[in-house]
There are 2 protein chains.
Amino acid sequence: MIRTGTTVEQMVRSIADMIVTGELLPGAKLDEVSLAARFDVSRTPVREALRELGAMGLIAREPNRSAVVTNVTEAYLHSMFEAMAELEAICARLSAERMTVDERRALELEHRGSVRLVHAGAEEEYSAHNTEFHTRLYRGAHNDHVFEMVTQTRARLAPFRRAQFRLPGRLAKSYEEHGRIVTAIMRADATAAGQAAYSHVEIVSDASAVFATPGE
Amino acid sequence: MIRTGTTVEQMVRSIADMIVTGELLPGAKLDEVSLAARFDVSRTPVREALRELGAMGLIAREPNRSAVVTNVTEAYLHSMFEAMAELEAICARLSAERMTVDERRALELEHRGSVRLVHAGAEEEYSAHNTEFHTRLYRGAHNDHVFEMVTQTRARLAPFRRAQFRLPGRLAKSYEEHGRIVTAIMRADATAAGQAAYSHVEIVSDASAVFATPGE
DNA sequence: ACGTTGCAAAGTGCATACAGATTGATCGAA
DNA sequence: TTCGATCAATCTGTATGCACTTTGCAACGT
């Protein structure tokens with residue numbers, strides 16, 4: 001396979017991707033031997049990859065037990081959504097203050113371009129647009145550490161948010177909420193941008209809570 | 001050393017502690033064989049510990065190079081302090097709204113008890129009190145994910161904040177700022193608590209910026 | 001002098017081996 | 001039948017070994 005020193009990194013990305021995209025569902029067991037066979041490497045790099053995924057919070061590890069895809073309690077899921085709302089609000093506020101002219105224009109274009117996806121009901125494509133839209137918001141804050149935190153939190157939430165756009169009317173609502181954020185940012189109204197971003201995530205949270213595992 | 005946990009966990013805690021306390025300064029090299037000898041284990045668990053510390057952001061790793069204690073740029077340090085201010089503000093706001101009566105009382109007692117350390121100029125002891133004070137604030141928010149983020153950010157900032165209480169008059173100022181936060185929380189005034197916490201960190205940031213490494 | 005090349009020492013990346021822990025199944029006894 | 005104990009299969013935790021990479025130094029040529 002890969003003979004360079006990036007083997008573990010690639011495995012981390014690959015496994016993280018499987019978790020985020022739902023190929024590996026919360027609760028799924030990840031045993032080292034199978035993974036080693038699957039990636040055609042020995043257990044040593046597999047263990048290092050699992051160590052890193054554990055630190056990222058994507059999997060849970062206990063001594064002498066197989067790693068399992070993190071299956072958070074309702075309470076913790078709620079705390080992550082609340083944190084996500086706060087982080088998005090921070091990004092929106094900072095973006096309203098700091099985005100360059102080009103960044104503002106690109107955000108607006110990205111948003112306007114998505115209206116046809118809403119009308120077409122293209123859930124898959126809208127989901128991709130949504131990711132891009134929010135990533136622009138995170139970058140626009142011009143704060144690397146906040147970017148790291150919000151990106152990581154987003155990754156951990158991904159498995160629980162997957163089906164949100166399948167709920168009836170969710171696409172149109174999302175578009176409308178994005179619009180409020182964009183408007184506030186174009187006006188450089190940090191307070192309004194923060195509030196719009198906060199309530200946007202709150203609504204996504206409500207739409208996703210149903211997928212949580214009943215507390216343990 | 002702490003009894004609980006596996007070998008790797010203990011090493012992670014131990015090394016993280018050395019970094020946070022300044023026993024290992026930013027830029028210090030951590031080679032695997034030396035660490036293995038020092039902890040009397042083989043390189044395998046050492047590598048896993050380094051992998052985890054890397055994921056935590058405490059050390060930087062590159063292929064075929066020794067790990068080095070993270071030596072952040074001024075720009076990144078600034079972004080961490082700004083993020084820290086936002087996180088502390090969140091904790092203060094949520095604490096103002098959610099702390100139980102017992103938690104509020106304990107916070108106030110902790111604060112009042114520290115006045116004698118200020119008068120005595122006991123930097124070391126005040127630093128311990130400061131940690132305890134802020135930890136109470138983080139817990140009081142009753143949000144596990146925010147707690148994780150703020151704790152991790154705090155750990156990464158620790159090496160650059162160590163000497164803050166040696167600056168003249170810093171103890172008294174810190175005490176005064178804590179007082180504002182406590183007052184707001186006792187009044188359940190979330191907005192005031194958030195603002196007080198934000199500016200408190202801002203001041204610490206200014207007091208610490210001098211320790212950053214000139215950008216690279 | 002100075003830059004270049006080649007080599008040796010040291011360190012990392014990964015594979016393999018072995019020891020200890022866990023799990024599940026089977027067999028025996030109440 | 002059911003509960004419990006025992007043992008084998010399986011998996012994780014750690015040690016060790018080998019190959020490749022990096023790096024510092026020294027000898028060489030210009």
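**Helix 9 of chain B and the DNA surfaces**

A: The buried residues of helix 9 of chain B are B:Leu171, B:Ser174, B:Tyr175, B:His178, B:Ile181, B:Val182, B:Ala184 and B:Ile185. Buried means 20 or more other C-beta atoms, placed from the backbone, within 10 Å of a residue's own.

Q: What kind of model is this, and how is it numbered?

A: This is a predicted model: local features need pLDDT of at least 70, side-chain atom pairs count only at pLDDT 80 or more, and totals for chains, interfaces and linings use all residues. Residues are numbered from 1 along each chain as its sequence is written, with chains lettered from A and ligands numbered from 1 in the order written.

Q: Which helices do the buried residues of helix 9 of chain B pack against?

A: Helix 4 (74–98), helix 5 (101–113), helix 6 (115–120), helix 7 (123–140) and helix 10 (190–208) of chain B. Helices are DSSP runs (H or I, at least four residues), numbered from the N terminus. Contact means C-beta atoms, placed from the backbone, within 7 Å.

Q: And what follows helix 9 of chain B?

A: B:Ala188, with a positive phi near 60°.

Q: Switching to DNA. Which residues come nearest to strand C?

A: A:Thr7, A:Ser42, A:Thr44, B:Asp31 and B:Glu32, out of 19 around DNA strand C. Near means a C-beta atom, placed from the backbone, within 6 Å of the strand.

Q: Which helix gives the largest share there?

A: Helix 3 of chain A, with 3 residues of the surface near DNA strand C.

Q: What about strand D?

A: Helix 3 of chain B gives the most to the surface near DNA strand D, 3 residues.

Note on methods. Helices (H or I, at least four residues) and strands (E, at least two) are DSSP runs, numbered from the N terminus. A residue is buried if 20 or more other C-beta atoms lie within 10 Å of its own, exposed if 12 or fewer, and partly exposed in between; C-beta atoms are placed from the backbone. Two residues are in contact if their C-beta atoms, placed from the backbone, lie within 7 Å.
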